[in-house]
Amino acid sequence: MTIKPLADRVLIEPTAAEEVTMSGIYIPDSAKEKPLKGKVVATGNGTKDEEMVLKAGDEVLYGKYAGTEIEFEGTKYLIMRQSDVLAVIA
């Protein structure tokens, strides 16, 4: 079973937050910032007004509060509109 986003939505797998800082200090889960970077796993087909420009495999940056968190088969994902993605990392 797979997830297929509808219309102008994309499914993103966030990159993992760092566990240890450069100084060697351990950061507990409660103090970690939500990652703002991830990899596009799946995309919808777009809408008649907005063409889908993202594709699976793109590394992207998104807003701090963008998207809805979901968990599917033990993996956490974000699902959001294409317009919530700020940039593609080339």
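# Strand pairing, core and salt bridges

Student: Which residue of strand 6 stands opposite Tyr-62?
Tutor: This is a predicted model. Strand 3 and strand 6 (residues 85–89) run antiparallel and are joined by four bridges. Across that pairing, the residue opposite Tyr-62 is Val-85.

Student: Which residues of strand 3 are on its covered face?
Tutor: In a regular strand, side chains alternate between the two faces of the sheet. Strand 3 covers residues 59–62, and its uncovered face holds Glu-59 and Leu-61. The covered face holds Val-60 and Tyr-62.

Student: Which residue of strand 3 does Lys-37 stand opposite?
Tutor: Strand 2 and strand 3 also pair, in the antiparallel sense and over three bridges. Lys-37 is placed opposite a residue from the uncovered face of strand 3, a face made of Glu-59 and Leu-61. That partner is Leu-61.

Student: Which residues make the nonpolar surface patch of about 270 Å²?
Tutor: Leu-61 is on the uncovered face of strand 3, and it is a member of the patch. Leu-86 belongs to strand 6 and is exposed, with a relative accessible area of 62%. With one further residue, the patch is made by Leu-61, Leu-86 and Ile-89.

Student: In what order do the strands of the open sheet lie?
Tutor: Strand 2 pairs with strand 3, and strand 3 is joined to strand 6. Strand 4 pairs with strand 5 in the antiparallel sense over five bridges. The open sheet has six strands with antiparallel pairing, in the order 4-5-1-2-3-6.

Student: Which strands stand at the edges of the sheet?
Tutor: The strand order is 4-5-1-2-3-6. An edge strand here has a single partner strand, so one of its sides has no neighbour in the sheet. The edges are taken by strand 4 and strand 6.

Student: By how many degrees are neighbouring strands of this sheet turned against each other on average?
Tutor: The sheet is open, and its strands pair antiparallel. Direction is ignored in the average over neighbouring strands. The value is 45 degrees.

Student: Which residue of strand 5 stands opposite Glu-69?
Tutor: Strand 4 and strand 5 are paired antiparallel through five bridges. The residue that faces Glu-69 across to strand 5 is also listed in the largest nonpolar core. It is Leu-78.

Student: How many residues make up the largest nonpolar core?
Tutor: In soluble globular proteins, nonpolar side chains tend to be buried together. Members of this core include Val-10, Ile-12, Val-60, Tyr-62, Leu-78 and Met-80. Strand 1, strand 3 and strand 5 each supply at least two of its residues. The total is 11.

Student: How many residues apart in sequence are the parts tied together by Arg-81 and Asp-8?
Tutor: Side chains of opposite charge can pair when their charged atoms come close. Arg-81 and Asp-8 form a salt bridge, with their closest N and O atoms 2.7 Å apart. Arg-81 is in strand 5 and Asp-8 in the segment before strand 1, so the distance in sequence between the tied parts is 73 residues.

Student: Is Asp-8 buried or exposed?
Tutor: Its partner Arg-81 counts as partly exposed, at 36% relative accessibility. The relative accessible area of Asp-8 is 6%. The cut-off for burial is under 20%, so Asp-8 is buried.

Student: Which residue does Lys-55 meet in a salt bridge?
Tutor: The count of salt bridges comes to two. Lys-55 is exposed, at 52% relative accessibility, whereas its partner is buried, with a relative accessible area of 11%. The N to O distance is 3.2 Å, and the partner is Asp-58.

Student: Where is Glu-73 found?
Tutor: Most residues other than glycine have a negative phi. Glu-73 has a positive phi of about 50 degrees, and it counts as exposed at 63% relative accessibility. Its place is the loop between strand 4 (68–72) and strand 5 (75–81).

Student: What is the relative accessible area of Ala-7?
Tutor: Ala-7 also has a positive phi of about 50 degrees although it is not a glycine. Ala-7 lies in the segment before strand 1. It is partly exposed, at 31%.

Student: How far apart in space are Ala-16 and Lys-37, C-alpha to C-alpha?
Tutor: Ala-16 lies in the loop between strand 1 (9–14) and strand 2 (37–43), and it is exposed, with a relative accessible area of 73%. In sequence, Ala-16 and Lys-37 are 21 residues apart. In space, the distance is 9.0 Å.

Technical notes:
Residues numbered from 1 in each chain as written. Predicted model: local features only at pLDDT ≥ 70, side-chain atom pairs only at ≥ 80, totals over all residues. Heavy atoms only, no water. Buried < 20%, exposed > 50% of the residue type's maximum accessible area, 1.4 Å probe, protein only. Pairing = 2+ DSSP bridges. Patch = residues over 30% accessible without salt bridge, like charges linked within 9 Å, V, L, I, M, F, W, Y side chains within 5 Å. Areas by Shrake-Rupley, 256 points an atom, 1.4 Å probe, with all protein chains shown as cover. Salt bridge = Lys/Arg side-chain N within 4 Å of Asp/Glu carboxyl O. Axes fitted to C-alpha atoms, helices over the stretch in contact; angles between N-to-C directions. Core = buried A, V, L, I, M, F, W, Y, C linked by side-chain atoms within 4.5 Å.
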